[in-house]
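Subject: Structure handover

Hello,

Here is the structure I promised to pass on. Please open it first, then read the notes below it.

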Amino acid sequence: MKKILALTTALLLIVTGLVTAVSAGSSDGEFQGLTLEKFRYYDAAEVFDAGVSQRGYGASQDGKYLFGGFLAGTRSVVKFDAKSGDPLAAFNTSEEYPKGITTDDRGNLFVGLLNVDNKDYISIAVLNMETMTEVTRIKVDVGSGKVGVNGICVSNVDGKYTLYAMVNYDYNRLYAIDVTDINNMKIENFHELEAITGVAGGEGQYMDADNDGYIYLSAFLIKGADKGDSILKIDPVAGK
């Protein structure tokens, strides 16, 4: 029986519509008549034995490619043709879990990687999306304990590219990393999610950024609620 691995295109249409609508300040028209349609069904072998657990997803800025991060089977980031849905290539992440995925307008594919022990640090790898090969990476030492990464995104404000990474589990922090020069990436700062929201025990999830520098983050902040009960608009400079 066929297994559904990805409804990536439909999901991306919804997420893109949401971010565009919120940043524009008027969302009603964006959601009128919106429907969720199945794009493709896949057997595991069709996507390089990637298994059935997809977490991260993203798209190239020109709309040519879709990307899915798979946590089961052969852990990998798979590149799909955005028109046909055909899998084109994969980057094997070996013992690391590929969770957050985002791109920039320079042809870079950024992948948030969680080590197999879920401890102490995360990594951000930069791939060439055409060749699906790793160009460079940065290690982010978070602290002792259980550490993970949820969403990541990149903003371009006047030529400065900043990657934001939402760290979770024992720490709930929003990290800012200067990726203007991918060969000299620098951690700029981080903000605790509790300090941003004023709510203890919350967790940030997936996000996107606009070119004014604002971040739009899904999170759960209500005690006992499921994930994703809130959407936050964050000024990363002010940390709120």
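Start at the hairpin that joins E9 to E10 through 3 residues. Keep in mind that this is a predicted model.

**E9 and its neighbours**

E9 covers residues 160-169. Strand E10 spans residues 173-178. The pairing of E9 and E10 is antiparallel, with 6 bridges. One pair to look up is Tyr-164, whose bridge partner in E10 is Ala-176.

E9 also pairs with strand E8, residues 133-157. That pairing is antiparallel too, over 9 bridges. Here Thr-162 in E9 stands opposite Ser-155. E8 and E9 form a hairpin with 2 residues between the strands. Look at Asp-158 in that hairpin: its phi is positive, near 55°.

How many residues of E9 are buried? The count is 8 of 10, so the strand is mostly covered.

**The sheet of E12, E13 and E14**

Now move further along the chain. An open sheet is built from 3 strands, in the order E12-E13-E14, with antiparallel pairing. Its edge strands are E12 (203-209) and E14 (230-234), and each of them pairs on one side only. From one strand to the next, the twist averages 25°.

E13 holds residues 215-220 and is joined to E14 by 5 bridges. Two partners in E14 are worth finding. Ser-230 is the bridge partner of Ala-219. Leu-232 is the bridge partner of Leu-217.

Which side chains of E14 are buried? Ser-230, Leu-232 and Ile-234 are, and they point to one face. Ile-231 and Lys-233 point to the other face and are not buried. In a regular strand, side chains alternate between the two faces of the sheet.

**Asp-210**

One residue deserves a stop of its own. Asp-210 is found in the loop between E12 and E13. Asp-210 is buried, yet has no salt bridge. Why does Lys-233 not count as a salt-bridge partner? Lys-233 is the nearest side chain of opposite charge, but it is 5.8 Å away. A salt bridge needs a side-chain nitrogen of Lys or Arg within 4 Å of a carboxyl oxygen, so this pair does not qualify.

What does the side chain of Asp-210 reach instead? It reaches the backbone nitrogen of Gly-213 at 3.0 Å. The backbone nitrogen of Tyr-214 also lies 3.0 Å from a polar atom of the Asp-210 side chain.

Over to you.

Best regards

Technical notes:
Residues numbered from 1 in each chain as written. Predicted model: local features only at pLDDT ≥ 70, side-chain atom pairs only at ≥ 80, totals over all residues. Heavy atoms only, no water. Pairing = 2+ DSSP bridges. Helix = DSSP H or I, 4+ residues; strand = E, 2+ residues; numbered from the N terminus. Axes fitted to C-alpha atoms, helices over the stretch in contact; angles between N-to-C directions. Buried < 20%, exposed > 50% of the residue type's maximum accessible area, 1.4 Å probe, protein only. Lys, Arg positive; Asp, Glu negative; His and termini not counted. Polar contact = N/O pair within 3.5 Å; in protein donor to acceptor, adjacent residues only side chain to side chain.
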